[in-house]
Amino acid sequence: MINFLKGFAYLCIWTTPLQIALILWGIWIVLTSNYSVISLTNFEFFKNYLTFFMAVIEWLYSWFWNPAIDFALLIPMVMHQTIKAITSTWLGFYILKKLDESQGH
């Protein structure tokens, strides 16, 4: 279990550069298009800039609760990605700190 938690913590930390790149891409889109920070939702971002994910989104609609997917896709992309990056990075460092404390280091 410790190895799983350690791997999960490192995954949370290692994905931070990718999440920051998505934030910067979203900001670039807002600055260079007619989108605002609020109007560039996750759905608009996937539909117009990462179209290969639309098949995954359609598949999710067949397996999960549709209102939950609608809610997640209608969140503004830049704000959502920023909160997700901060939270996952913090969670990764928190898990590593707790694992280190539990091992007596």
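**Close-up 1. Helix H1 against helix H6.** In this predicted model, helix H1 (residues 2-14) and H6 cross at roughly 150°, and their axes come within 7 Å. The crossing of these two helices is left-handed. On the H1 side, look for Ile2, Leu5, Lys6, Phe8, Ala9, Tyr10, Cys12 and Ile13. Their partners in H6 are Ser88, Thr89, Leu91, Gly92, Phe93, Ile95, Leu96 and Leu99.

**Close-up 2. Leucine 5, a residue of helix H1.** Leucine 5 has a relative accessibility of 27%, so it counts as partly exposed. Setting aside neighbours within four places in sequence, leucine 5 is in contact with Ile95 and Leu99. For a sense of scale, leucine 5 and tryptophan 59 lie 29 Å apart in space, C-alpha to C-alpha, with their positions 54 residues apart in sequence.

**Close-up 3. Helix H2 against helix H6.** Here H2 and H6 pack with their axes 9 Å apart, at an angle of about 160°. H2 is therefore roughly antiparallel to H6. As H2 passes H6, the crossing is left-handed. H2 brings Thr16, Gln19, Leu22, Ile23, Gly26 and Ile27 to this meeting. Facing them, H6 offers Met77, Val78, Gln81, Thr82, Lys84, Ala85, Ser88 and Thr89.

**Close-up 4. Isoleucine 27, placed in helix H2.** You have just met isoleucine 27 among the H2 residues that meet H6. Its relative accessible area is 37%, which means that isoleucine 27 is partly exposed. The C-alpha atoms of isoleucine 27 and methionine 79 are separated by 10.0 Å, although the two residues are 52 residues apart along the chain.

**Close-up 5. The largest nonpolar core, with 9 residues.** Nonpolar side chains tend to be buried together in soluble globular proteins, and this view is a good place to look at such a group. The members are Ile23, Ile29, Val30, Leu40, Phe45, Leu50, Met77, Val78 and Ala85. At least two residues of this core come from helix H2 (16-32), and at least two from helix H6 (77-102). A second, separate core has 5 residues, including Ala9, Ile13, Ile95 and Leu99. While you are looking at the largest core, pick out valine 30, one of its members. Not counting residues up to four places away in sequence, valine 30 touches Tyr35, Ser36, Val37 and Leu40.

**Close-up 6. Asparagine 42 in helix H3 (residues 42-49).** Asparagine 42 has a relative accessibility of 8%, so this polar residue counts as buried. Its side chain is joined to that of histidine 80 by a polar contact of 3.2 Å. Beyond the residues up to four places away in sequence, asparagine 42 touches Ala72, Leu73, Ile75, Met77 and His80. Met77 in that list is also a member of the largest nonpolar core.

**Close-up 7. Tyrosine 94, found in helix H6.** With a relative accessibility of 38%, tyrosine 94 counts as partly exposed. If you widen the view to include leucine 24, you will find the two C-alpha atoms separated by 25 Å. Along the chain, tyrosine 94 and leucine 24 are 70 residues apart.

Notes. Residues numbered from 1 in each chain as written. Predicted model: local features only at pLDDT ≥ 70, side-chain atom pairs only at ≥ 80, totals over all residues. Heavy atoms only, no water. Helix = DSSP H or I, 4+ residues; strand = E, 2+ residues; numbered from the N terminus. Buried < 20%, exposed > 50% of the residue type's maximum accessible area, 1.4 Å probe, protein only. Polar contact = N/O pair within 3.5 Å; in protein donor to acceptor, adjacent residues only side chain to side chain. Contact = heavy atoms within 4.5 Å. Core = buried A, V, L, I, M, F, W, Y, C linked by side-chain atoms within 4.5 Å. Axes fitted to C-alpha atoms, helices over the stretch in contact; angles between N-to-C directions. Parallel < 35°, antiparallel > 145°, perpendicular 65-115°, else oblique. Left-handed = near helix turned anticlockwise from the far one by under 90°.
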